[in-house]
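Colleague: Please show me the sequence and the structure, and then let us go through them by question and answer.

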Amino acid sequence: MTAYFQHTDPDVFSDPDRFVPDRWLSPDAPKMARNFVLFSRGSRNCIGMNLATAEINFMLTALFRPGAPKFELFETGETDVVAVHDYIVPLARLDSKGFDFSALWYQPNPHSQAAAMSQAEDSASYDCIIVGAGLTGIVAAQRLLQAHPETQLVILERDYCLGGVWGERRNYPSFWSQWTHGIAEFSDMPMERPPPKDCMHDLFRAKYTTNYLEDYVNNMSHSGKTLRDRIQFNTQVQSIRKTNGQWNVICLDVNTNSQRSMCSPKLMMANGQASIPNVPHFAGQEYYSGQIIHSIDFGQSDIVQDQSIEGVYKNESGLFTGA
Ligand SMILES: Cc1cc2nc3c(=O)[nH]c(=O)nc-3n(C[C@H](O)[C@H](O)[C@H](O)COP(=O)(O)OP(=O)(O)OC[C@H]3O[C@@H](n4cnc5c(N)ncnc54)[C@H](O)[C@@H]3O)c2cc1C
Ligand code: HEM
């Protein structure tokens, strides 16, 4: 029997066609868990179970996060996807042409497209453009320059500071790292060991990672230019197009609100997975009079210091343990 029908049995999974994650908190949870056999059970069950689950999570977040490609169904209706036959694999109606869609990876803004065309000749030209001066962008630049010090490389960073998640703007006193020194430092520069008061077991306050990254870009130098010299701050990448083997990148100077363009045969995206805020709508939020803040703005808000807020707890070391 196909796994699809096994896991849509209404006697076990009530209202199976509805997306109800809370069902796993209901009294039915033990019964459902007992009947969850997607990866089989016992000594010959799937050895790729954890990898597959991680891949599914990764794929879903990549597909549905803000800025992800947009999909449009093409000649596909509900009866093309609802399984009604069991041929070991689940099948929809047999005369269905299947599931079809088109993906719009990039929807050019006509204005920026026109700007791209007209500015292409004035574009600054590089060997490599890296988008994002977070941890990934910084270390990618360093490794490339170590191997090819003459590379004309630029790092475009939307923020006024570097570090992304660990950047000075997003930091707040009770932000702690969840990694240990050995993992947090790059192999070519040791990290200052934080004093015991700023450590809890092997973890330490996030500001040490911020300071480390700031020092790192100052210290790493190739062909007379530090990594910091190569970062263009307050530069938000707005669109990217590939023409004639060149990546044409249009950026907005956040301070002057003016656009500029640049091109390169190599482009590296290091713009992170948590840097585009997505604040969902919460049921009843219109009746809530407090602030709703995305974690990206947490460090800049005064909410951490606000003693009147209930439901936010700190332990002796200042770590948030619940909210
Ligand atoms: C609150 C929080 C806590 C975390 N704690 C830990 C931890 O303790 N341990 C751990 O291992 N991991 C942790 N992580 C995971 C974290 O994502 C990684 O540690 C790491 O910081 C990712 O680095 P990155 O450079 O890939 O992305 P980011 O740090 O997100 O950097 C991306 C950069 O790209 C820039 N950018 C984005 N879009 C554009 C654009 N259009 N134009 C120009 N620039 C752009 C952003 O401003 C940012 O500076 C945490 C994540 C979050 C959100
Ligand atoms: C959603 C994805 C996946 C599902 C639903 C799934 C499901 C299953 C099931 C039901 C079995 C048992 C088959 C049987 O009874 O003979 C199985 C076995 C197995 N799976 Fe997966 N699997 C998935 C992904 C993966 C991945 C990603 C890998 C490896 C990278 C993997 C590797 C294996 C192996 C090696 C076995 C045989 C184990 C053994 O016989 O001891 N699977 N899988």
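Colleague: How many bridges join S7 to S12?

Modeller: This is a predicted model, in which local features need pLDDT of at least 70 and side-chain atom pairs count only at pLDDT 80 or more, whereas totals for chains, interfaces and linings use all residues. Residues are numbered from 1 along each chain as its sequence is written, while chains are lettered from A and ligands numbered from 1 in the order in which they are written. S7 and S12 run parallel, and leucine 156 stands opposite glutamine 232 in S12. Strands (E, at least two residues) and helices (H or I, at least four) are DSSP runs numbered from the N terminus, pairing needs at least two DSSP bridges, and the number joining S7 to S12 is two.

Colleague: Which strands stand at the edges of the sheet that has the order S12-S7-S6-S16?

Modeller: This open sheet of four strands has parallel pairing. An edge strand here has a single partner strand, so one side of it is left without a neighbour in the sheet. The two in that position are strand S12 (231-232) and strand S16 (266-269).

Colleague: Does methionine 268 in S16 count as buried or partly exposed?

Modeller: A residue is buried with 20 or more other C-beta atoms within 10 Å of its own, exposed with 12 or fewer, and partly exposed in between, the C-beta atoms being placed from the backbone. Methionine 268 touches Cys128, Ile130 and Ala140, leaving aside residues up to four places away in sequence; such contact means C-beta atoms, placed from the backbone, within 7 Å. Although methionine 268 and cysteine 128 are 140 residues apart in sequence, their C-alpha atoms are 7.5 Å apart in space. Because methionine 268 has 19 C-beta neighbours inside 10 Å, it counts as partly exposed.

Colleague: At about what angle does H5 run to S7?

Modeller: H5 lies across S6, S7 and S16, and its buried residues pack against strand S6 (128-131), strand S7 (153-156), helix H7 (207-219) and strand S10 (221-222). Those buried residues are Leu135, Gly137, Ile138, Ala141 and Leu145. Axes are lines fitted to C-alpha atoms, for helices over the stretch in contact, with angles from 0 to 180 degrees between N-to-C directions. On that basis, H5 runs to S7 at about 180 degrees.

Colleague: How far apart are the end C-alpha atoms of H5?

Modeller: The expected span of a helix is 1.5 Å times one less than its number of residues. H5 has 13 residues and should therefore span 18 Å. In agreement with this, its end C-alpha atoms are apart by 19 Å.

Colleague: Which element gives the most to the shell around ligand 1?

Modeller: Of the 26 residues around ligand 1, Gly132, Gly134, Gly164, Gln178 and Gly272 come nearest, a residue being near if its C-beta atom, placed from the backbone, lies within 6 Å. The elements giving two or more residues are helix H5 (135-147) and strand S13 (235-243). With three residues, the element that gives the most is H5.

Colleague: How many residues of the shell around ligand 2 are charged?

Modeller: The residues surrounding ligand 2 include Leu38, Phe39, Arg44 and Asn45. Asp, Glu, Lys and Arg count as charged, Ala, Val, Leu, Ile, Met, Phe, Trp, Tyr, Cys and Pro as nonpolar, and the others, Gly among them, as polar. Six residues of this shell are nonpolar and three polar, and the number charged is one.

Notes:
Contact = placed C-beta atoms within 7 Å.
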